[in-house]
Amino acid sequence: MGVRRHKEYVWIHCVLFLCLCDWSASQLSYSISEEVNKGTVVGNIAKDLNLNVQELETRDLRIVSSYSKKYFDVNSRTGNLFVDERIDREELCPNTAQCSLRIQAVLSNPMNVHRIEVNILDINDNSPEFTEKSHWLNISESLSTGERYLLPIAVDADTGSNSVKTYKLSQNEHFSLDVQSGGEHGVSAELVLQKALDREKQSVITLLLTAVDGGKPARSGTLQIRVNVIDSNDNAPIFSKTLYKARVCENTAQGSMVIKLNATDLDEGMNSKIIYSLIKRGNIDPSNIFGLNSETGEITVKGNLDYEETPAYEVRVQAMDQGHSPRSAHAKLLIEVTDVNDNAPEISVTSLMTPVKEDAELGTIVALVTVSDKDGGNNGVTNCKVMGSVPFKLKSNYKNDYSLVVDGPLDRENTSVYNVTITATDEGSPPLSSIRVITVHVSDVNDNAPRFMEPVINIYVKENSPTGSVIYTINALDPDLDSNAKVTYTLLDSFPRNIPISSILNINSETGDIVSLQSFNYEDMKTFQFKVQATDSGVPPLSSNVTVNVFILDENDNNPAILAPYSEHGSVNSESIPYSAEAGYFVAKIRAVDADSGYNALLSYHLSEPKGNNLFRIGTSSGEIRTKRRMSDNDLKTHPLVVLVSDNGEPSLSATVSIDVVVVESTADIQTQFRHVPVKEESFSDLNLYLLIAIVSVSVIFLLSLISLIAVKCHRTDSFSRYSAPMITTHPDGSWSYSKATQQYDVCFSSDTMKSDMVVFPAQFPPVDGELISINGGDTFTRTQTLPSKEKVG
């Protein structure tokens with residue numbers, strides 16, 4: 001205030017000074033920008049006032065003004081008006097559009113005063129400024145868009161184009177700026193709500209308002225605007241997760257905490273206070289299993305958990321705020337029940353391909369096996385294998401699916417049913433296991449030929465057996481089944497080959513019964529051989545052969561035949577002995593043969609003499625008639641003897657011969673008697689012819705049998721091997737028995753005969769099953785018999 005009064009006082013004195021002076025007033029006008037440097041020439045006063053430059057100094061040219069500062073001065077030598085002090089237009093002329101400095105140029109002698117007006121031109125040396133550093137606005141988040149808010153204006157000391165011309169707002173998504181021009185009153189700005197506010201996202205919005213002047217370059221000033229967003233219950237609670245996951249062991253005790261939920265509400269106060277609850281959906285009420293603390297959000301175990309019954313629970317939970325109009329949010333909670341190893345694996349057979357052919361190839365699928373375990377994790381991981389030594393194995397298909405396949409050769413005849421034991425073990429701790437037995441039946445294929453129990457079959461058939469009788473039943477075993485084991489029998493080649501087997505025997509193709517087609521005669525054919533083929537009904541059929549030896553057993557069907565020189569019953573033969581004959585004197589020898597063999601051909605001799613006649617005796621085996629004692633006068637001169645020749649068959653057959661023994665006085669008479677024995681040399685008798693034919697027949701048959709035996713032995717060395725060893729038996733009286741192969745002969749010698757004859761008896765065969773005759777010194781025989789080892793048919 002004091003400065004301003006001093007300026008007015010100076011200005012008054014100047015005016016008075018100018019009024020008192022004697023002069024003619026004139027005025028100059030100059031323009032200069034503010035803030036120019038000192039010494040800047042404003043103009044040439046001498047030139048502009050038409051003053052003589054040489055007079056300026058003598059007339060004492062000077063500048064006077066009413067301002068406290070000497071802003072201008074003049075060079076008295078040149079007349080140039082220059083700036084002598086810093087000029088600040090805003091300081092000299094605040095808040096005015098025009099600003100000028102009025103000064104006087106004073107000359108003395110005579111005194112002249114020239115008025116000079118210097119217009120101070122504004123430069124943009126001031127930035128717009130707001131009266132406050134920050135401005136607060138309270139705006140509710142519930143307000144709709146379009147709301148307007150008047151903003152403070154900025155002040156710029158500069159004027160004109162250098163004053164505030166516009167406003168700018170920092171980039172944001174909620175507000176825009178509406179700038180309004182007020183003419184000479186300047187410009188103003190309003191804040192317009194373009195997007196609804198959300199306090200929960202941004203409770204305070206900071207904006208920057210910039211005021212820009214029109215200078216070049218433009219200058220600006222800023223104001224920080226803070227928008228405080230007022231809350232409304234426009235936010236529902238939000239869970240920290242849309243999906244919660246938790247694990248709990250199935251043996252967890254009740255009251256144990258499972259998980260703690262967390263929901264937040266971006267609102268404030270009661271609008272953000274949250275209450276938790278479980279939601280019942282359908283028939284499932286999770287509150288029976290789990291408990292929920294409504295304030296803390298802790299979920300605890302309430303009921304019994306069983307992984308196998310329910311491995312997981314899906315629970316819906318709700319979080320609700322406590323605003324005037326409550327809002328809520330929902331989340332899903334998956335509770336996984338952790339398994340403990342309390343279930344053994346289960347083995348199931350989904351498909352069983354049985355029976356399996358015994359010729360099945362390796363890898364053939366027998367069954368499909370699936371292993372399952374209700375437990376989870378390692379407790380549900382199973383390992384499956386076949387126990388024991390069986391021709392099967394498990395082949396893994398996919399995870400717990402397996403194929404039981406053939407892993408070795410199958411033989412139904414050896415094992416028709418397999419009980420395959422499969423064991424499955426889980427990897428729990430401790431591990432649990434289970435066992436499943438699969439019964440696999442093996443079906444038959446025709447891989448076995450019929451088999452006879454023996455490679456050679458010996459059959460013993462009695463001669464004269466009736467035609468059509470079953471002499472033997474062939475039986476071949478086939479270990480296969482059904483049609484593969486159904487055996488049919490056929491007859492093959494025979495030996496001797498000149499005898500067709502079909503004319504002798506027939507075989508029932510189904511039962512194997514061998515039936516005779518004729519009656520056999522031991523004397524004609526003692527043995528023959530043929531083969532039987534057994535063929536099954538498989539496809540293709542298989543067969544095998546067996547050799548059958550048929551031995552004809554002799555029957556006692558032939559009577560003994562008396563050999564020459566004695567004829568049979570019906571004719572009388574005579575022999576003479578001297579009266580002087582001692583005891584044991586040889587009288588005669590009866591010889592007989594029997595076409596049978598064995599015991600049936602073993603002959604014994606007996607005397608049928610009158611009662612009380614004990615003069616003669618006969619060797620039962622030799623047929624020699626000898627005297628028992630010396631003759632006496634009481635003995636008859638002629639002794640009729642009847643010799644009975646009997647075989648040893650059952651029943652026994654016999655023949656008789658009659659001999660008259662004549663007692664003579666001397667040996668000469670005996671010779672005469674012998675000389676007079678009728679001999680028919682000129683012709684054969686019938687008996688001689690029959691005897692010759694019999695001997696030739698027996699010899700031929702024996703020779704053929706021997707040749708056949710040798711041929712068979714060469715062809716089948718083992719057929720009669722057990723009969724090949726000869727057996728010779730000696731007896732105390734000097735007789736011996738000989739047995740070999742298919743014939744046995746008893747050769748008997750008498751130790752007390754003068755006419756030793758050898759009698760040969762054909763024996764039945766085989767010798768091991770025949771009879772052995774031994775003759776002792778007492779002209780008696782003993783018989784040792786062994787039963788046949790083969791069946792005799794008769």
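About 42500 Å² of the protein is exposed, and carbon and sulfur atoms supply 51% of that surface. The model here is a predicted one. Of its 794 residues, 40% count as buried. The fold is built from six helices and 58 strands. As for contacts between residues at least 6 apart in sequence, 65% of them link residues at least 24 apart.

Turning to the interior, the largest nonpolar core holds 26 residues, and the members touching the most others are Val-42, Ile-45, Phe-72, Leu-81, Ile-116, Val-118 and Ile-120. Two or more residues each come from strands S1 (26-33), S4 (72-74), S5 (80-83), S6 (100-107) and S7 (112-121), along with helix H2 (45-49). S6 chips in with the largest share, four residues. In soluble globular proteins, nonpolar side chains tend to be buried together. Val-42 gives a good look at the packing: leaving aside residues up to four places away in sequence, Val-42 touches Tyr-30, Ile-32, Phe-72, Leu-81, Phe-82, Val-83 and Val-118.

Further along the chain there is an open sheet of four strands, running in the order S26-S28-S31-S30 with antiparallel pairing. Strands S26 (346-352) and S30 (392-398) sit at the edges with a single partner strand each, so one side of each has no neighbour in the sheet. From one strand to the next, the twist averages 30°. At the S26 end, six bridges join S26 to strand S28 (residues 365-372) in the antiparallel sense. Leu-352 has Ala-367 of S28 standing opposite.

Key: Residues are numbered from 1 along each chain as its sequence is written. This is a predicted model: local features need pLDDT of at least 70, side-chain atom pairs count only at pLDDT 80 or more; totals for chains, interfaces and linings use all residues. Side-chain values use heavy atoms; hydrogens and water are left out. A nonpolar core is a set of buried Ala, Val, Leu, Ile, Met, Phe, Trp, Tyr and Cys residues joined through side-chain atoms within 4.5 Å. Buried means under 20% relative accessible area, exposed over 50%, partly exposed in between (1.4 Å probe, protein chains only). Contact means heavy atoms within 4.5 Å. Two strands pair if DSSP finds at least two bridges between them. Axes are lines fitted to C-alpha atoms, for helices over the stretch in contact, and angles run from 0 to 180 degrees between N-to-C directions. Accessible areas come from the Shrake-Rupley method with a 1.4 Å probe; for residues, only the protein chains shown count as cover.
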